[in-house]
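Please go through this structure with the chain in view, beginning with its division into domains and then turning to strands, crossovers and the surroundings of the ligand.

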Amino acid sequence: MERPLQSSSRLLYKTGIAVIGAGQAGLSSAYYLKKQGLEVGRDFIVLDQSPYPGGAWQYRWPSLTLSTVNRIHDLPGLSFSDTVSGNSPEVQANIAVPHYFEVYEQTFGLTVYRPVKVTVVCERDGRFRMETDRGFFSAQGIINATGTWETPYIPAYPGAELFGGIQLHTKDYQAADTFIGKHVVIVGGGISAIQLLDEISQVTTTTWVTRKEPSFRSGPFGEEAGRAAVAMVEDRVRKGLPPGSVVSVTGLPVTPAIEAMKARGVLNRQPMFSEITAHGVRWPNGREVAADIILWCTGFRSSLDHLMPLMLREENGGIVMGGRLATMVAKDPRIHLVGYGPSASTIGANRAGRAAATELMDYLGLRSAGK
Ligand SMILES: Cc1cc2nc3c(=O)[nH]c(=O)nc-3n(C[C@H](O)[C@H](O)[C@H](O)COP(=O)(O)OP(=O)(O)OC[C@H]3O[C@@H](n4cnc5c(N)ncnc54)[C@H](O)[C@@H]3O)c2cc1C
C-alpha cells in the first residue's frame, strides 16, 4: 500500500486489518500482527491522528514526570528503560514516552500513517470503510486503539453556562503558574485531580470537591489487587455495562506527596456543589465559594465516536465484549477494542494487543497471509 498522505482523497486503500490509533494499545497490536506474519502497509495498516509518536503521552503536562506517573509498562520486545537517557525520575513523561514509542516504531518497522484522523467507519460490501481526513481506507477487520484523551468528560451542573470565570479540564492543564492570583475549584477524586491540586495549591488558593468520599489506601496495590480490579472491569464490559472509573476499583495510594498535602491542609475535601453561579459554586445549604476557575478533573470516556455508524453500543452506552481478554465486540467479532475497559492501562493494553491480533487473524483467516 502506498503512503496515502500525498494522495487524492478519492482513492481507496484496501488492507486486511486496520489498527486505528498508535498509542500503547495500537503499537502492541501492530507488533503482534507483524510477529504473527502479517506485513505492515500491505496486510495491515496503522493510522494515527496525532502528529508525532507517543499516543496521548505527547499531550500530557510537563510536570508529569517518570516519578509521578503510576507506572509505564514496557511494550512487547523493547524495554522502556533502555530508551530513557539518564536515570533521573524527573524526566518528563511527555518527552520520554514519545521518544520510546518512536524508537519502538523504528526498531520493529511499524510504519504509522500520521496524521490521519479516522472520522467515520461504516460497513460496505462486507468490509469496513473508513473515512479519514486523508482519504478512504477499506479493511476486513479493525483493531480500535483510540484511547480516551480526545473525549474529556465534564458532568452537567445547573448554572454552568452562567459562570463568568473559566472552566477547564485536566486535558487543558499545562502549568500551575497560570493560576497564580486566582481561586481554583478543583473537581474530582482521581489521581490526576490530586496531582493537580498538589501543584496548584502551592501557588494559589484552592477548593477541592469530590462526588464521593475519596478512598485512600496505605499499602501498595499488589498484583492480586490489580488482578481483582481488572476482573471487576472485565466483568462489567462482558455484561455490556460502561467500564467505570479506574479509581473506583483501585483507590488512591497514600504517597509522600499526599502526606505533605495533608500536612499543608489542602486535602480538605468538600462534597460536590449543587450549582454553578455567575461567580462561583453553591452547595445545597446555600453556602457559596467564589471562583475564578473551575478545573474539572473528572476523567475521560472512550473515544469511539467514529464507530457510531456500526451501532455497537447498548442503550446504557456500554458495549458487550467477548473474547479471551474481552477485546472482541460480541456483536461483530471483526472488531476489537484495545485500551478499552479492562485493558485501559499500559500493562492491560499490551496484553490486549496480543489477544486482539491473534483472535482477529484467526477469525479472518489471515494466518496464511504472511510470508
Ligand atoms: C493523566 C494520565 C496519566 C496516566 N498515567 C498512566 C500510568 O502511569 N500508567 C498507566 O498504565 N496508565 C496511565 N494512564 C492511562 C493511559 O492513558 C493508558 O494506560 C495508555 O497510555 C493508553 O494507551 P492507549 O493506546 O489506549 O491510548 P492513547 O495513548 O490515548 O493512544 C490513542 C491514540 O489514538 C489516536 N487516535 C484517537 N482517535 C483517533 C482517530 N479517530 N483516528 C486516528 N487516530 C486516533 C491518538 O492520536 C493516539 O495516538 C494515564 C492516563 C491519564 C489521562
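In this predicted model, the domain assignment of the protein chain gives two discontinuous sets of residues, with domain 1 made up of 2-150 + 300-364 and domain 2 of 160-215 + 251-296. The centres of domain 1 and domain 2, taken over C-alpha atoms, are separated by 33 Å. Where the two domains touch, 6 residues from domain 1 and 7 residues from domain 2 take part in the contact. On the side of domain 1 that touches domain 2, the residues divide into 3 nonpolar and 3 polar, with no charged residue.

A good place to enter domain 1 is strand β1, residues 12-20, which is mostly covered, since 7 of its 9 residues are buried. Strand β1 pairs in the parallel sense with strand β5 (residues 135-144) over 8 bridges, and within this pairing A18 stands opposite I142 in β5. Strand β1 also pairs with strand β2 (residues 44-47), again in the parallel sense, over 4 bridges. A18 takes part here as well, with I45 as its bridge partner in β2. Between these two strands the chain crosses from β1 through α1 to β2, and this β-α-β crossover is right-handed.

The helix of that crossover leads on to the ligand. Which element gives the most residues to the shell around the ligand? It is α1, with 3 residues. There are 33 residues around the ligand, of which G21, G23, G55, G147 and G339 come nearest. The elements that give two or more residues to this shell are α1 (24-35) and α7 (346-364). Sorted by class, the shell around the ligand holds 12 nonpolar, 16 polar and 5 charged residues.

In domain 2, strand β7 (residues 184-187) offers a second point of entry. Side chains in a regular strand alternate between the two faces of the sheet. In β7 both faces are covered, with V184 and I186 buried on one side and V185 and V187 buried on the other. Strand β7 pairs with strand β8 (residues 206-210) in the parallel sense over 4 bridges, and V187 stands opposite V209 in β8. The path between these two strands runs through helix α3 (residues 191-200), and β7, α3 and β8 together make a right-handed β-α-β unit. Strand β7 is joined as well to strand β15 (residues 293-296) by 4 bridges, and these two strands run parallel. In that pairing I186 stands opposite L295 in β15.

The parallel pairings described so far can be set beside an antiparallel arrangement. Strands of a sheet pair through backbone hydrogen bonds, either parallel or antiparallel. Here 3 strands form an open sheet in the order β12-β13-β14, and the pairing is antiparallel. Why does one side of β12 and of β14 lack a neighbour in the sheet? Strands β12 (275-276) and β14 (288-290) stand at the edges and each has a single partner strand, so one side of each is left without a neighbour in the sheet. Strand β12 is joined by 2 bridges to strand β13 (residues 280-282), and the two run antiparallel. Across this pairing, I276 stands opposite V281 in β13.

Technical notes:
Residues numbered from 1 in each chain as written. Predicted model: local features only at pLDDT ≥ 70, side-chain atom pairs only at ≥ 80, totals over all residues. Pairing = 2+ DSSP bridges. Near = placed C-beta within 6 Å. Nonpolar A, V, L, I, M, F, W, Y, C, P; charged D, E, K, R; others polar. Domains from an automatic or database assignment. Buried ≥ 20, exposed ≤ 12 C-beta atoms within 10 Å, placed from the backbone. Right-handed = clockwise from strand over helix to strand, strands pointing away.
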